[in-house]
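Here is a short round of questions on two ligand shells and one helix pair. Keep the structure open as you read.

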Amino acid sequence: MTDFDYDFVIIGGGPAGRRAAIQASKLGKSVAIIDDQKMIGGVSVHTGTLPSKTIRESVLSVTGWRDQHFKSRQHRDGVKMMQDSINSRLSTTLGDEVEVIDSQLARNNVRILKGRAKFSGIHKLAIQQNSQGKKTSFSVTADKFLIAVGTKPFRPKNIPFNGTTVIDSDSVAANLPMPKSITVVGGGVIGIEYATIFSALEIPVTVVEARERILEFIDRDIVANFVHQLTERGISLRLGRKINKITLDNHNCPNILLDDGRQLRSEMLLFTAGRVGAVDNLGLEKVGIECDSRGRLVVDRETLQTSQPNIYAAGDIIGFPALASTSMEQGRQAACHAFGVPINHSGNSFPLGIYSIPEIASIGLSEEDARLKGYQVEIGVARFQETSRGHILGNCKGMLKCIFDLSDRKLLGVHIVGEGATELIHIGQAVINLNGGIDYLSDNVFNFPTLAEAYKVAALDAYNRLPKPRLRA
Ligand SMILES: Cc1cc2nc3c(=O)[nH]c(=O)nc-3n(C[C@H](O)[C@H](O)[C@H](O)COP(=O)(O)OP(=O)(O)OC[C@H]3O[C@@H](n4cnc5c(N)ncnc54)[C@H](O)[C@@H]3O)c2cc1C
Ligand SMILES: NC(=O)c1ccc[n+]([C@@H]2O[C@H](COP(=O)([O-])OP(=O)(O)OC[C@H]3O[C@@H](n4cnc5c(N)ncnc54)[C@H](O)[C@@H]3O)[C@@H](O)[C@H]2O)c1
């Protein structure tokens, strides 16, 4: 057998790459990660998941958002203080996370090589390093590779990005701006999360979304409740609208011309209309791997192999669902397949968590999808105001919706809007993946007072409408 430098080399130190590395190392393989950033962690740690969730948590804390039902919220007169406090929490949280990642990788003997990787053959990478303006390069060989290079913000040429008044989500994560008003272009997950964060800071927000609905993949009733809460807070939604042109005025503020001829003005524009695969200069042509127009790679979803069997791909680079959570598992599964460990796909029903204010979470089928698939369904709904915990927390606007299969009473989907949704959803996940349903949720005792009780309320709501056996007189 040919001697390689490593058994497994991974390009990209994000969630997919790190989990793949640790899994392969636990299987006794020699492993290296190549990453082109100063610090390991990928988009998830430095510009995506963690920064946005830390900003969210800090904003909830400095504005007193969670207690708004009981006392008036903090005013914006301490804007600079707020900004400093948020940025300081951000740097502590991310610093701590990087320390943990570094030590996990070191404990597992995963070698980290800094630099930009490019394929020069099916077993060889050229790594370019740029240290203090001096470029050096070297090669690394491996038996197997994982491409886990992730994505970067989509930046169309007609948007005049300048890093100050026309920005993308990377700029928000680097230093939370506090504009007097903001237009968010793209009502996907990133756009909606940041739109609601800015709105919690009492910054007027307009969202422009090309589709007729935001968050199309979420159950309609949940989105309706969420949109109601957003409009109540004054967030303006321009749905079914595209941008024709953006110009900058004398103060560099964007003037946005929509396709219906209307103009929007705000101090800042945040462009969040999707992301593209980081495949530039990766040498894919050298190994015969092709990508689509958004730079995404096709893999066999069972094995995570690309068209070149010794080269795997995982994480955002393979497209939907493009989450840190799923990327980690894909990375681990790719390493297992590469080194002959069977993969268990049984937990295939994965949750979606949207960290907007309020949160949204979802698992399984929406009501619409269930009906389209031909299920006869019964719906159970619980409003957080029906739980005592909701009142104690001042968290009454949320709701939880369960979709049950009428034929066997099994749970098909759970959809939640309201604070706590991203944690609560895992109860639904367990019940769905363990084939439970209405009887489990309605017959079991839940702690009181909890928001989890909403599951029981929703199950009983559905149960009350189920056809009943004839009662004896
Ligand atoms: C604003 C925002 C918020 C998000 N919030 C959430 C959330 O709440 N929950 C959730 O589950 N997901 C969230 N995500 C998605 C999550 O961040 C991604 O799914 C995850 O980071 C993808 O991981 P990955 O391993 O594919 O790659 P990434 O995390 O993208 O890491 C790839 C790494 O590879 C490096 N790289 C690229 N090309 C090369 C090369 N040629 N050579 C060497 N290194 C290279 C990159 O610099 C980077 O360090 C969010 C994303 C964004 C942008
Ligand atoms: N909580 C989470 O799990 C979380 C949070 C943030 C991001 N992410 C991941 O990051 C990825 C990228 O998110 P995203 O929100 O950038 O992309 P996206 O593709 O999910 O959403 C982009 C939105 O922009 C709209 N759009 C596109 N062009 C437009 C235009 N010219 N004008 C107006 N609207 C336009 C699209 O219709 C779409 O709704 C997603 O795949 C998501 O899974 C996950």
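The questions below concern a predicted model.

Q: Which residues come nearest to ligand 2?
A: The model is predicted. The shell around ligand 2 holds 24 residues. Those that come nearest are Gly 186, Gly 188, Ile 190, Ala 273 and Ala 322.

Q: Which element gives the most to the shell around ligand 2?
A: α6 (189-200), β10 (205-209) and β18 (352-354) each supply at least two residues. One of these helices and strands gives four residues, the most. That element is α6.

Q: From which domains does the shell around ligand 2 draw at least three residues each?
A: By class, this shell has 12 nonpolar, seven polar and five charged residues. At least three residues come from each of domain 1 (6-152 + 276-338) and domain 2 (155-273). The names are domain 1 and domain 2.

Q: How many residues surround ligand 1?
A: The closest are Gly 14, Gly 42, Gly 48, Gly 150 and Gly 315. Elements that give two or more residues include α1 (15-26), α3 (49-63) and α8 (324-338). The classes are 16 nonpolar, 16 polar and five charged. The number around ligand 1 is 37.

Q: At roughly what angle do the axes of α1 and α8 cross?
A: Two packed helices are described by the distance between their axes and the angle between them. Here the axes come within 7 Å, and the crossing is right-handed. The angle is roughly 35°.

Q: Which class of residue is most numerous in the contact of α1 with α8?
A: Pro 15, Ala 16 and Ala 20 are among the α1 residues that meet α8. From α8, residues including Ala 324, Met 328 and Ala 335 take part. The contact divides into two charged, five polar and nine nonpolar residues, so by the class definition the answer is nonpolar.

Terms used:
Residues numbered from 1 in each chain as written. Chains lettered and ligands numbered in written order. Predicted model: local features only at pLDDT ≥ 70, side-chain atom pairs only at ≥ 80, totals over all residues. Near = placed C-beta within 6 Å. Domains from an automatic or database assignment. Axes fitted to C-alpha atoms, helices over the stretch in contact; angles between N-to-C directions. Left-handed = near helix turned anticlockwise from the far one by under 90°. Contact = placed C-beta atoms within 7 Å.
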